[in-house]
Amino acid sequence: MLFSTVVETIARGDRVATGNVLEGTLVYPTILDEVPADSLLMVEGAFGPVVSLYRFSELDEIIPIINNSPYGLQAGVFTQNLADIRYLFETLDVGT
């Protein structure tokens with residue numbers, strides 16, 4: 001895999017749900033599961049088709065983890081709770 005953050009994350013024993021395939025210069029979409037909050041992937045991110053999954057119990061638990069990256073290009077929220085979406089929109093420090 002081209003991305004050092006992904007390599008480091010996998011070397012730590014994190015689970016690859018799918019992907020992590022390099023074919024020439026094409027990198028297949030990769031999903032990593034159970035990625036620790038302090039891994040390079042969570043802090044620095046990866047420039048490529050890579051998604052890291054992180055489970056949490058309380059909404060306020062995830063905010064400092066997401067805001068821990070100096071890059072914060074994007075965050076995705078999937079919920080039916082409009083109040084949570086509004087709260088996260090105001091609280092998360094991301095581009096989109």
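Which residues form a nonpolar patch on the surface? The first legend below gives the reply, and the other legends turn to further parts of this predicted model.

**Figure 1. A nonpolar patch on the surface of the predicted model.** The patch is formed by V21, L26 and Y28. Together these residues have about 240 Å² of accessible area. V21 sits in the loop that joins β1 (15-18) to β2 (22-23). With a relative accessible area of 37%, V21 is partly exposed. This value lies between the limits of 20% for a buried residue and 50% for an exposed one, so V21 belongs to the class in between.

**Figure 2. The course of the chain and its elements.** The chain holds four helices and five strands. Read from the N terminus on, the elements follow the order α-β-β-β-β-α-β-α-α. The chain has 96 residues, and 22% of them count as buried.

**Figure 3. The salt bridge between R55 and D33.** How many salt bridges does a search of the whole structure find? The search finds one. In this salt bridge the side chains of R55 and D33 meet, with a distance of 2.5 Å from N to O. R55 belongs to the loop between β5 and α3, whereas D33 belongs to strand β4 (residues 30-33), so the pair ties together parts that are 22 residues apart in sequence. The two partners can also be described by their accessibility. R55 is exposed, with a relative accessible area of 57%. D33, by contrast, is buried, and its relative accessible area is 2%. The limit for a buried residue is under 20%, and therefore D33 falls in that class.

**Figure 4. The largest pocket and its lining.** The space in the largest pocket amounts to about 1200 Å³. Its lining consists of 32 residues, and those that lie nearest the centre of the pocket are S52, I66, Q74, A75 and G76. Which elements give two or more residues to this lining? They are α2 (40-44), β5 (50-52), α3 (59-66) and α4 (82-91). Sorted by class, the lining of the largest pocket comprises 22 nonpolar, eight polar and two charged residues.

**Figure 5. The second largest pocket and F89 in its lining.** About 180 Å³ of space lies in the second largest pocket. The residues that line the second largest pocket are A75, V77, I85, L88, F89, L92, V94, G95 and T96. By class, seven of the lining residues are nonpolar and two are polar, while no charged residue is present. One of the lining residues, F89, is found in helix α4. Is F89 buried or exposed? F89 is exposed, with a relative accessible area of 67%. This value is over the limit of 50%, which means that F89 counts as exposed. Another residue of the lining is A75. F89 and A75 are 14 residues apart in sequence, and their C-alpha atoms are 9.8 Å apart in space.

**Figure 6. E8 in helix α1 and its distance to L40.** E8 is part of helix α1 (residues 4-11). The relative accessible area of E8 is 22%, and E8 is partly exposed. Along the sequence, E8 and L40 are 32 residues apart. In space, the distance between E8 and L40 is 7.1 Å, taken from C-alpha to C-alpha.

**Figure 7. I31 in strand β4 and P36 in the loop that follows.** Strand β4 contains I31, and this residue is partly exposed, with a relative accessible area of 31%. A distance of 8.6 Å separates the C-alpha atoms of I31 and P49, which are 18 residues apart along the chain. P36 is placed in the loop between β4 and α2. Like I31, which has a value of 31%, P36 is partly exposed, with a relative accessible area of 23%. Between the C-alpha atoms of P36 and S52 the distance is 9.5 Å, and these residues are 16 residues apart along the chain. S52 also appears in Figure 4, among the residues nearest the centre of the largest pocket.

Technical notes. Residues numbered from 1 in each chain as written. Predicted model: local features only at pLDDT ≥ 70, side-chain atom pairs only at ≥ 80, totals over all residues. Heavy atoms only, no water. 1 Å grid on protein atoms, 1.4 Å probe; cavity = no way out; pocket = protein on both sides within 12 Å on 5 of 7 lines; lining within 4 Å. Points joined across faces, edges and corners; volume = space filled by probe spheres on them. Nonpolar A, V, L, I, M, F, W, Y, C, P; charged D, E, K, R; others polar. Patch = residues over 30% accessible without salt bridge, like charges linked within 9 Å, V, L, I, M, F, W, Y side chains within 5 Å. Areas by Shrake-Rupley, 256 points an atom, 1.4 Å probe, with all protein chains shown as cover. Salt bridge = Lys/Arg side-chain N within 4 Å of Asp/Glu carboxyl O. Buried < 20%, exposed > 50% of the residue type's maximum accessible area, 1.4 Å probe, protein only.
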